[in-house]
Amino acid sequence: PTLIVFNALFAGQTALDAVYVWGETGLPHGVTYADFAQNGAYALLAATALVVVFVGLLQTRRPTALDDRRVRLLLVAWLGQTLWLAISAARRLMIYVDVYALTELRLAVFALLAMVALALLAALYQVAARRRFAMLVRVILALGGTAGYAMLLVDPVPFIADYNIAHSREVRGAGVALDIPYLASLGPGAVPALDRFIVSYGSVPLRQQYRIERENALQQWSPTPDWRTRTLHSIAHDRALARAQAWR
């Protein structure tokens, strides 16, 4: 009965997402784009936590529960709807980014949604293949560790700068205006992309404004002389700084 109730509740949310997220009806009355994106993310995190706890308790208290074909089908349907919530949450965030551009925090939320979706796929396999709950726990821990290492290894700033420029009103003729002060505030990693933008699209007043922002961005970073304190991020910033200085 519990699984039937969960599936019915999630079916209602899936129907609402079909109307407001994937349809062309616009936002619900009184809901901002920020609320729209945040509600999707919060609902997904709550739903995922509920799935993990329920599956864990089910297999702990009834180790043979997955041998019942009806239980497996109901669990798979529930997990499938939760996975669809993850996809819809990503779509909500993309709509928000289209209106307000990409930032470091929004990119981190995209990464979190991708991790949740992978965890749900692992849960689907675990249920369908009747594997132990410990397998799902290991997958979740592995995803968390991989994400932690990725944050240390990958510098998101160049990607954010390239994305915002490529999707800006100045380049596409539609969309959100490019926020040069924000990109410059990210540091030298954004400077090469901004340099290319100014050369291709910048008017004379924009070039003059940009030179001030550019100097502020370059002053945020100085080369790291001691190799023992260098990281992949600092190396990437040093290279960006070198390219930016060559543009002067």
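**Helix H5 and the nonpolar core**

Mentor: In this predicted model, the exposed residues Arg138, Leu141, Tyr149 and Leu152 sit on the face of H5 turned away from its buried side.

Trainee: What makes Arg138, Leu141, Tyr149 and Leu152 "exposed"?

Mentor: The word exposed is kept for a relative accessible area over 50%. These four residues of H5 are classed that way.

Trainee: Which residues of H5 are buried?

Mentor: Met135, Leu136 and Leu143 are. Buried means under 20% relative accessible area.

Trainee: How do you know that they lie on the same side of H5?

Mentor: Around the axis they cover an arc of only 95 degrees, which puts them on the same side of H5. The buried residues of H5 pack against H4.

Trainee: How do you know that the end-to-end distance of H5 agrees with its number of residues?

Mentor: Helix H5 (residues 133–153) has 21 residues, so at 1.5 Å a residue a span of 30 Å is expected; the end C-alpha atoms are 31 Å apart, which agrees.

Trainee: Which residues touch the most other members of the largest nonpolar core?

Mentor: That core has 51 residues, and Leu44, Leu75, Trp78, Ile180, Leu183 and Leu194 touch the most other members. H3 supplies the largest share of this core, eleven residues.

Trainee: What is leucine 183 in contact with, leaving aside its neighbours within four places in sequence?

Mentor: Leucine 183 is in contact with Ile160, Ala161, Asn164, Ile165, Leu178, Ala190 and Leu194. Contact here requires heavy atoms within 4.5 Å.

Trainee: How many helices and strands are there in the protein chain?

Mentor: The protein chain has eleven helices and zero strands.

Definitions and conventions. Residues are numbered from 1 along each chain as its sequence is written. This is a predicted model: local features need pLDDT of at least 70, side-chain atom pairs count only at pLDDT 80 or more; totals for chains, interfaces and linings use all residues. Side-chain values use heavy atoms; hydrogens and water are left out. A nonpolar core is a set of buried Ala, Val, Leu, Ile, Met, Phe, Trp, Tyr and Cys residues joined through side-chain atoms within 4.5 Å. Buried means under 20% relative accessible area, exposed over 50%, partly exposed in between (1.4 Å probe, protein chains only). Helices (H or I, at least four residues) and strands (E, at least two) are DSSP runs, numbered from the N terminus. The expected span of a helix is 1.5 Å times one less than its number of residues. The arc is that of the directions from the helix axis to the C-beta atoms.
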